[in-house]
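Trainee: Got a minute to go through this one with me? I'd like to start from a single residue and work outwards.

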Amino acid sequence: MFATSGAFKMVMGLALLATTGAAAPPAHPAVRGFIRVDQAGFAPGESKQAYLMATTPAPGVRFTVVDAAGRSVLSGRAASASRGSWNAAYPAVYSIDLHGLHRPGTYRIRVQDIVSPGFRVRPARELYGDLVRDGVTFFHTQRDTAHRNDAVASVYATPHFVTEDVIGDADLTRTGGPVDVAGGWYDAGDYLKMTHTTAYGVIALLASARAMGPATPAGLRDEARNGVDWLGKAWDQRTRTLHLQVGIGSGNEAGTFIGDHDLWRLPQSDDHDTDPADRYATAHRPVFDAAAPGTPISPNLAGRVAAAFALAAQQDAARDPRRARAELRAATSLYARADVQSPPEQLVTALPNEFYPEDTWHDDMELGATEIALATQRLGLPGSHAYVRDAATFARGYLTAETGDTFNLYDVSALAHADLITAIRRTGGAHGLATGPDRLVADLRRQVRTGADRAAGDPFHAGGIYTDFDVASHTFGLIATEAMYRAASGDTTYAAFATRQRDWLLGANAWGASFMIGEGSTFPRCPQHQIANLTGRTLTGAVVNGPNDPELFADGLGDHMDDMVACPPGGADRYAAFTGHGSRYVDDVRAWQTDEPALDMTGSAILGAALQSIA
């Protein structure tokens with residue numbers, strides 16, 4: 001047999017490849033773009049995915065994962081089909097499957113010269129536990145320890161608004177007081193205090209503590225106690241009066257007084273401000289009631305605050321039964337004042353209502369009745385079945401006429417459903433009830449599937465609507481709801497969907513930004529938050545609104561307020577190139593549309609992370 005030269009073999013091999021068409025994939029030309037990844041990382045066993053956002057088509061381009069020492073630990077190819085165009089500059093988005101990455105450590109993804117931010121693989125309890133812990137840190141930052149004059153505040157009649165936030169009256173009309181509304185939490189980047197959002201924050205914290213049990217981070221229960229104590233001031237059980245709000249956003253049309261949003265300052269000097277025009281913004285902050293003393297209260301508000309008290313009673317039942325019974329009395333007395341027979345056409349949430357417009361109330365009453373039932377059971381008291389019956393009736397009302405949203409500040413039905421299922425089982429079943437567990441589970445699935453269907457067609461698997469307000473809160477709500485649905489049904493179909501929603505929130509989005517401050521390496525540096533802006537402190541754990549409709553920026557960002565520190569210093573929009581799909585994200589202290597943090601958004605994050613940590 002004749003020896004065959006290497007050259008001959010190579011020529012024959014090339015000829016064979018040409019004949020069979022089995023050529024190796026061609027080398028890609030230079031790829032430009034960004035790799036977007038969840039900067040908080042992944043749990044070892046969960047679905048893992050990143051995205052290549054490219055300036056030109058790059059189907060099947062090779063990627064490599066390297067560890068902290070630069071060693072290659074995983075390689076493969078990005079998807080051969082783009083998930084769609086993001087905008088004209090980035091017409092292709094390819095998923096990168098990281099399912100083979102399990103070993104704990106710190107990693108980066110490389111595609112040619114493109115390198116991702118670093119991310120970690122670590123246990124789920126650690127990953128989600130950090131989110132819970134940091135979220136609680138934000139709540140602690142929001143504590144109002146400055147406004148001591150709130151302890152002797154006056155109550156005023158509801159003003160008349162001539163525009164969304166401007167008051168038409170020459171002055172406010174005092175109707176009562178003094179009342180003690182000191183303490184509590186600031187609602188957002190301002191210094192207003194809202195019963196509506198405080199109750200939601202308390203509910204999120206206490207439901208998280210209940211779920212996590214011994215793994216609850218230090219400080220969470222103390223933070224919840226701060227909120228419960230303030231709600232105890234907001235609800236005057238003796239006069240059956242619920243205080244709605246402390247402070248006003250803007251002043252009046254005549255300019256004789258201003259509001260909280262007209263000033264940019266630290267809160268410590270407010271009590272000593274003697275300028276007459278500032279009186280309602282600083283030293284003498286007005287209190288407004290949800291309804292006249294002793295009269296029925298908007299059912300969304302009554303049900304929600306009752307739920308907060310009842311959750312507190314559940315938590316205190318073992319360690320402080322006396323306090324728990326007092327909290328349960330507060331819950332039942334407030335629940336009984338709910339105006340379910342003739343609810344107001346415009347549900348009461350805040351002044352002005354445009355701050356937090358809400359159009360459902362059956363979910364709040366379902367939650368209130370359910371948590372009272374569970375608290376009654378926890379304390380070993382009779383009467384829980386009547387509240388379970390009420391809750392099932394309110395659930396039917398929601399299912400009949402109010403479905404459409406998913407879990408967030410404006411729709412708490414997912415938590416109500418999940419807890420009602422538990423309450424029904426503890427009281428012996430659904431016989432004779434207006435709604436049973438099967439329908440409740442089906443609606444939990446409906447809410448999760450709503451997000452999953454959106455995600456299926458989105459380039460970055462986003463399940464929230466990022467062309468409107470509250471996408472971050474809604475998306476964390478989807479994460480929470482998936483965990484509740486999984487616990488109620490045993491169905492793990494949507495587990496990977498929940499992971500991808502966390503990915504999107506924490507960096508695997510078109511902007512490459514985490515919308516929870518302090519998570520990952522790229523997060524809001526210029527939130528619209530007075531304390532953060534004026535002290536330069538990182539607002540750890542705060543969740544901002546996230547991307548929003550570009551039309552909201554049609555008139556620009558406006559001027560900096562007096563004493564506001566310009567941030568970013570040069571005013572450049574570093575995310576401008578990533579505007580797309582009808583959505584824009586701006587990290588600028590003036591950008592209330594995308595960059596203001598709030599209690600409710602962060603509360604949703606805490607609950608979603610807590611429930612996923614035990615799923």
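Mentor: Sure, let's start with Thr435, and keep in mind that this is a predicted model. Its relative accessibility is 2%.

Trainee: So is Thr435 buried or exposed?
Mentor: The cut-off for buried is under 20% relative accessible area. Thr435 comes in at 2%, so it counts as buried.

Trainee: Which backbone atom does the Thr435 side chain reach?
Mentor: Thr435 sits in the loop between helix H9 (413–426) and H10. Setting aside neighbours within four places in sequence, its contacts include Ala392, Ala395 and Leu399, and Arg396 is on that list too. At 3.3 Å, the side chain reaches the backbone nitrogen of Arg396.

Trainee: Now Phe469: how does its accessibility class come out?
Mentor: Phe469 is in the loop between helix H10 (437–456) and helix H11 (471–489). Buried needs under 20% and exposed needs over 50%. With 34% relative accessibility, Phe469 therefore counts as partly exposed.

Trainee: What accessible area does the nonpolar surface patch with Phe469 have?
Mentor: Leu552 and Trp592 make up the patch along with Phe469. Together they have an accessible area of about 260 Å².

Trainee: And inside, which residues touch the most other members of the largest nonpolar core?
Mentor: That core has 151 residues, and its largest share, 11 residues, comes from helix H5 (residues 299–316). Beyond its neighbours within four places in sequence, Trp504 is in contact with residues including Phe460, Tyr466, Trp511 and Pro547. The members touching the most others are Leu242, Trp504 and Trp511.

Note on methods
Residues numbered from 1 in each chain as written. Predicted model: local features only at pLDDT ≥ 70, side-chain atom pairs only at ≥ 80, totals over all residues. Heavy atoms only, no water. Core = buried A, V, L, I, M, F, W, Y, C linked by side-chain atoms within 4.5 Å. Buried < 20%, exposed > 50% of the residue type's maximum accessible area, 1.4 Å probe, protein only. Helix = DSSP H or I, 4+ residues; strand = E, 2+ residues; numbered from the N terminus. Contact = heavy atoms within 4.5 Å. Patch = residues over 30% accessible without salt bridge, like charges linked within 9 Å, V, L, I, M, F, W, Y side chains within 5 Å. Areas by Shrake-Rupley, 256 points an atom, 1.4 Å probe, with all protein chains shown as cover. Salt bridge = Lys/Arg side-chain N within 4 Å of Asp/Glu carboxyl O. Polar contact = N/O pair within 3.5 Å; in protein donor to acceptor, adjacent residues only side chain to side chain.
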